[in-house]
Structures are given as C-alpha cells and as structure tokens.
Amino acid sequence: MMVCEFKPGLDGIPAAQSSISRVDGHAGILEYRGIRIEELAEKSTFLETAYLLIWGELPTSEELAAFESEVRNHRRIKYRISDMMKCFPESGHPMDALQASAAALGLFYSRRDLNNPIYIRDAVVRLIAKIPTMVAAFQLMRNGDDAVRPRDDLDYSANFLYMLNESAPEALAARIFDICLILHAEHTMNASTFSARVTASTLTDPYAVVASAVGTLGGPLHGGANEEVIQMLEAIGSVENVRPYVEDCIDRKAKIMGFGHRVYKVKDPRATILQNMAEQLFDQFKPDKYYDIAQEMERVVEEKLGHKGIYPNVDFYSGLVYTKLGIPTDLFTPIFAIARVAGWLAHWKEQLEENRIYRPTQVYNGKHSAPYIPIEKR
C-alpha cells in the first residue's frame, strides 16, 4: 500500500499544470500569460486582460472590439433574478448575495454544452458582464433603492462605478478602478481557483463553478482580508499608535492583516502598484489619514518582520483605494470577485481541455474495527 505524505492545506503540492499565470515569490514577479503585471497595469484594460487570460493571447483590435461589444450587450440581468435579489435580507453580506445570484444564472443559461465553443464564449461573456451588475444592484437594493440600469456609453469599469454611485465617475477614478480589476484578475492556484477547478472537473456548468469560487473567496483568509485591513487601520487610529500595535501583535503572535503571503517573500508587486494609485487618488481628491497610518505600518513591520519575508500583500492598499473611490467596506471582496471571474473562467476553460475529475486521497487517522453499540447500551 502506498504511504502518502500529509501536507496541511496541500502546501507545495501541484494541483494542475497551467499556462495562465506565474508567480516568482522571491523575486516579486507576477505574469499573466508571460506578460508582467506592471506592464498590463500600465498599458492594458481589464477586458483586454480578461481576453488574454481566457483565450491565451492578446486580442487584435477587431477581437477586442467584438468582445467589448458582447459584454456591453449582456450587462442587464433577468427581472426574475432582480426580484429574487430584492428578497435577500438587507443585513446579508454582499458575498452571500453574489454567490446566490451567480448560481441562479445557471437556471436561465445552463445547457452544459461544454463541447460547444459558442456555449463557452456565451458563458464567459454573461458572467463577466452580469457579475458587476448584480454586485451594484444588491448594494442599492439593500438600502431600499431600485437598481440602476447599465449605461451602454460607459466602459466596463466606469459603468460599474456609475451603477454603484448613480453618477458617472471621473476619468482618473474609472482608470484606477480598471487597474484594480487587472491586478486581482488572476493569481495561480489560490484557494478559490482550486475550488473552481475542482467544481469544473465534475463537468457541471460554469455558473456553478463561479458560485463555488465566490463562496471560497468570501473567507477572511482569502478575499475578505482587505475588509479587515480597513478595520485594523481604523482601530489603530493614529500614526503614533502603529508601533505599539505592531509590537503587541508580534508578542501575541497575532496575524497583522494585509501582511505576509504564502508565496511572496518580498513586497507583493500588486501592492506596489496599488500604493502608487492610492497616492494619485489622494493627490487629486484629498489626503487620507489612514494612508499615513498604512505607510508607518509598512515601515514598522518591515523593520520587525522583514527578515522573515513578511511584507505588504495585495490586500493592504486595495482597501484604501476602494474607500477613496466611495466603495463600502463590505463590497471590497465582491469587487475582488468581479475581477477574479476572469481567472476562474480561464482555469475552467483550461480544465475542460484535458479534464480528469479531482479525487485526492486522504491519510486516515481514525479508529479501526470498532464495534457497533446498540442504542440502548450507549
């Protein structure tokens, strides 16, 4: 009998072969299909990046225009889905609302025609187009307002901010939000992507795949960390309180939210880009005291823990950017999902190419040959 070495969390165990993205955690490199994330953030758009991830190549101008047009034409959601969302409790977390809504799309569009390229493309377009609409709709509905209809004259990111805030954003805000989506679109075999691939391997529909991944992303150890970063900065309150807070966390061996990463042993390249974007926002609009606290935290944590490879990750500065864009804290993770749908769909499509259902083994550590005890003797 083969003896398997148990690795908690499957740490370091390859779960797939993939050509979608690559991370070098020691050099601080993230690439999508071989292109550095810094270059995509500077030159690309989210929809172009999504196309790259899902179909493997940068689109021509004609291919990109066609993709953008298809996404624009599928932004609206069925009134029955909208009516369903109105019945969700106002106190419910937006990630729970998004998971239920994404799964509901399968009721309307699922034929599970997974060998049909048209079905594949239609599913990709619908999910990328409709997920932002559902996130914005729930935000308004839980406050007692009707959802805002998408505007066809606005691009992808500007349209989401318009649906969320009921006003068209300034150009800088829309561009920065688009870059945020690029940064969060894909990141190798993380927990939600693994969840997506496991679900995909059963040959279920892509709406169930995305709903499964959304549920995984909602945990505080994955997508929910940026919410906790803002709560942490608010609790610290001032620059003077940073060092005592960090030293107390170290003494208690408590996690400092927004720092450290399973892969990166240097500063997350996405955190560097997000920090630069935060500074642009503060220059154009107004300074933010929490950014000063965040900068001091980075300095103190690097001083205390840099030798252990603990530096800011993508969650540390993303919350500051979203807050400055007027986005409520509990929408941070749903916005993460809006972006990561592109990566999930890329992995769904890749999984289908050479599919084998996931069936890992386990290391059994329970009883052997235990007797059945009749109920009257227990």
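## A walk through a predicted model

Let's begin in a loop: Asp330 has a relative accessible area of 23%, so it counts as partly exposed. This is a predicted model, and every value below is computed from it.

**Around Asp330**

Asp330 is found in the loop that runs between helix α15 (314-324) and helix α16 (332-353). Which residues does Asp330 touch, once those up to four places away in sequence are not counted? They are His93, Pro94, Arg142 and Glu227. With Arg142 there is a side-chain to side-chain polar contact of 2.7 Å. Pro94 is a partner from elsewhere in the sequence: 236 residues separate it from Asp330 along the chain, yet the two C-alpha atoms are 6.9 Å apart.

**Two other loop residues**

Asp205 sits in the loop between α9 (191-200) and α10 (206-217). Is Asp205 buried or exposed? Its relative accessibility is 7%, so Asp205 counts as buried, the cut-off for that class being under 20%. The side chain of Asp205 reaches forward to two backbone nitrogens, that of Tyr207 at 2.8 Å and that of Ala208, also at 2.8 Å. Setting aside neighbours within four places in sequence, Asp205 is in contact with Gly106, Ser110, Arg112 and Tyr119.

Gly224 lies in the loop between α10 and α11 (225-236). With a relative accessible area of 7%, Gly224 is buried. Beyond its neighbours within four places in sequence, the contacts of Gly224 are Leu217, Gly219 and Thr333. The C-alpha atom of Gly224 is 8.7 Å from that of Asp315, a residue 91 places away along the chain.

Here are the side-chain polar contacts described for the two aspartates, together with one from a helix cap that comes up again below.

| Side chain | Partner | Distance |
|---|---|---|
| Asp330 | side chain of Arg142 | 2.7 Å |
| Asp205 | backbone nitrogen of Tyr207 | 2.8 Å |
| Asp205 | backbone nitrogen of Ala208 | 2.8 Å |
| Asn116 | backbone nitrogen of Ile118 | 2.9 Å |

**Helix α6**

The helix α6 covers residues 117-141. Asn116 caps its N-terminal end through a side-chain oxygen placed 2.9 Å from the backbone nitrogen of Ile118. How does the length of α6 compare with what its residue count suggests? At 1.5 Å a residue, its 25 residues should span 36 Å, and the end C-alpha atoms are 35 Å apart, which agrees. Along the way α6 bends by about 30 degrees at Lys130, with a proline, Pro132, following within four residues.

Why can α6 be called largely enclosed by the rest of the structure? The reason is that 21 of its 25 residues are buried.

**The nonpolar core**

The largest nonpolar core has 121 residues. Within this core, the residues with the most contacts are Phe46, Ile128, Phe160, Met297, Ile327 and Trp348. Helix α6 gives the most to this core, with 16 residues. Trp348 touches Leu114, Ile120, Ala123, Val124, Ala200, Pro206 and Val209, leaving out residues up to four places away in sequence.

**The sheet**

Now for the strands. Three of them make an open sheet in the order β1-β2-β3, with antiparallel pairing. Strands β1 and β3 stand at the edges and each has a single partner strand, so one side of each lacks a neighbour in the sheet.

Strand β1 (residues 21-24) joins β2 over four bridges in the antiparallel sense. Among the facing pairs, Val23 stands opposite Leu30, and Arg22 has Glu31 as its bridge partner. These two strands form a hairpin with four residues between them, where Gly28 in the turn has a positive phi of about 70 degrees.

On the other side, β2 and β3 (residues 35-36) pair in the antiparallel sense over two bridges, and Tyr32 has Ile35 as its bridge partner in β3. The hairpin of β2 and β3 has two residues between the strands, and Arg33 takes a positive phi near 50 degrees.

Which residues cover the two faces of β2 (residues 29-32)? Ile29 and Glu31 lie on one side, Leu30 and Tyr32 on the other, and all are buried.

How values were computed: Residues are numbered from 1 along each chain as its sequence is written. This is a predicted model: local features need pLDDT of at least 70, side-chain atom pairs count only at pLDDT 80 or more; totals for chains, interfaces and linings use all residues. Side-chain values use heavy atoms; hydrogens and water are left out. The expected span of a helix is 1.5 Å times one less than its number of residues. The bend at a residue is the angle between axes fitted to the seven residues ending there and the seven starting there. Buried means under 20% relative accessible area, exposed over 50%, partly exposed in between (1.4 Å probe, protein chains only). A polar contact is a pair of N or O atoms within 3.5 Å; within protein, one must be able to donate a hydrogen and the other to accept it, and residues adjacent in sequence count only if both atoms are side-chain atoms. Two strands pair if DSSP finds at least two bridges between them. Contact means heavy atoms within 4.5 Å. A nonpolar core is a set of buried Ala, Val, Leu, Ile, Met, Phe, Trp, Tyr and Cys residues joined through side-chain atoms within 4.5 Å.
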